[in-house]
Amino acid sequence: MSIRKQVTLRTIADELGLTIHTVSKALRGLPGMSEATRKAVTDCARELGYRTKEQEAGISAERIPWSSAKPRRFAMLIVGDSDFHQMQLEGVRVRLNELGHSLYPLLVPAEISGEDELRHWLDNNGLFFADGLFLTAVIPEWMESILLELPLPKVLINYPPEVTAVDSVIWDVEFAIHQSMEELYRAGHRDILYIGELGRLRGFRMRWSAFAASAERLGLHGLANPAEHVTESSSDRAAWMERLTSKLSSGKYTAAIAAIPGIAEWVRVAAGFLKLSIPGDLSLVGMENEAHPRYEAMSRPLLLVREAGERAAELMLRRIANPLLPYEQVRLRGTFYPGETIIRIKP
């Protein structure tokens, strides 16, 4: 029987062509390298099964069961098919696999429209045989309220509803909006256009609330009037684009925050139609879940979607091992990527 070779810092360094010193710094979160290098090191360490003493101590301190514990099988409910769902799924699955457990996704059919249909579908898909349930963002609120009542361990990868006892983790979009406003304000911008739907999802409403709070905090009184921004649903794309081009062509705004993933691309289209340059005529911050393949230089807050999935896996295992611990509501805050789409002006 072969014995698995011990993985060391040297193993990782040789694998990536780096020095041991660089690998050590990356795993300890120290500065002095690009984010790409740091990610390559951490991904390689995880693939090879390497843990620092600090990581081992952290797992013990969090009371998270080790992989030697009973393997468990978890379910993740997904409504819709968005890129960020795949990022959440990847984060949860990778972390569970590292700790010796498995995950199976359940894509809820779009035609389910009532509680009886939902419960029948859940029963047919064996949900009640799972050891725990992960609930992703963008689940309709009526459905989420039913799922949160199910008698099995749950972790919500979303902002939790009020007065709900559940472990939750989310990439903090409120903080990201405040970051974006700070960056634009420091660059001299005072007339900032908010572009993003307000009402359909809890996270959308919280984005707008953060924009309004940030405007008041920065002394931009009266800025957060919804009628002065593009806050309608974009489902009618033609009407929505007409509204957007009207706002951009008014000459009132020097900057814009595209507050929902995918919106920044349409802002660029509208600006191009109006022959407005970004950032020469309009500074732009995008709220994208990850770097856009065609606009990698776009200024944006870094949203920790995969990391939220990883933390959700840890919260689940901690809950199962320690059912009487208090519920946790975790918000993950990233840094701001300055990019090249914010220009400094005189306020």
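Buried means under 20% relative accessible area, exposed means over 50%, and partly exposed covers what falls in between (1.4 Å probe, protein chains only). By that yardstick Glu314 is buried, because its relative accessible area is 16%.

## Ground rules

This is a predicted model, so to speak a computed one throughout: local features need pLDDT of at least 70, side-chain atom pairs count only at pLDDT 80 or more, and totals for chains, interfaces and linings use all residues. Residues are numbered from 1 along each chain as its sequence is written, and side-chain values use heavy atoms, with hydrogens and water left out.

## Aromatic pairs

Let's start with the rings. Phe, Tyr and Trp rings (for Trp, the six-membered one) pair if their centres lie within 6.5 Å; planes under 30 degrees apart count as stacked, over 60 as edge-to-face, and the rest as tilted. The structure holds five such aromatic pairs. One of them is Phe74 with Phe134: the centres are 6.0 Å apart and the planes sit at 70 degrees, so this pair is edge-to-face. Phe74 belongs to strand E1 (residues 73-78) and Phe134 to strand E3 (residues 133-135), so the pair links parts of the chain 60 residues apart (helices, H or I with at least four residues, and strands, E with at least two, are DSSP runs numbered from the N terminus). Both Phe74 and Phe134 are buried.

Tyr194 and Trp208 also pair edge-to-face, with 5.0 Å centre to centre and 80 degrees between the planes. Here strand E6 (residues 192-195) supplies Tyr194, while helix H9 (residues 202-217) supplies Trp208, 14 residues apart. Tyr194 counts as buried at 0% relative accessibility, and Trp208 is buried too, with a relative accessible area of 11%. Add Phe211 and you have one aromatic cluster of Tyr194, Trp208 and Phe211.

## Charges over rings

A charge sits over a ring if NZ of Lys or CZ of Arg is within 6 Å of the ring centre and within 35 degrees of the ring normal. Arg73 does this with Tyr104, its charged end lying 3.9 Å from the ring centre. Arg319 has its charged end over the ring of Tyr327, 4.4 Å from the centre.

## Salt bridges

Now for the charged pairs. A salt bridge is a side-chain nitrogen of Lys or Arg within 4 Å of a carboxyl oxygen of Asp or Glu, and the count comes to 24. Among them is Arg95 with Glu314, at 2.7 Å from N to O. This pair links helix H5 (residues 83-98), home of Arg95, to helix H12 (residues 305-321), home of Glu314, across 219 residues. Arg95 is buried, with a relative accessible area of 10%.

Lys252 bridges to Glu228, the closest N and O atoms being 3.4 Å apart. Lys252 lies in the loop between helix H10 (237-249) and strand E7 (255-258), and Glu228 in the loop between H9 and H10, so the bridge ties together parts that are 24 residues apart in sequence. Lys252 is partly exposed at 41% relative accessibility, as is Glu228 with a relative accessible area of 29%.

Glu290 and Arg306 meet at 3.6 Å, N to O. Glu290 comes from the loop between strand E8 (283-286) and strand E9 (300-301), and Arg306 from helix H12, 16 residues apart. Both count as partly exposed, Glu290 at 34% relative accessibility and Arg306 at 28%. Finally, salt bridges that share partners join Arg95, Glu98, Arg311, Glu314, Arg318 and Glu328 into one network.
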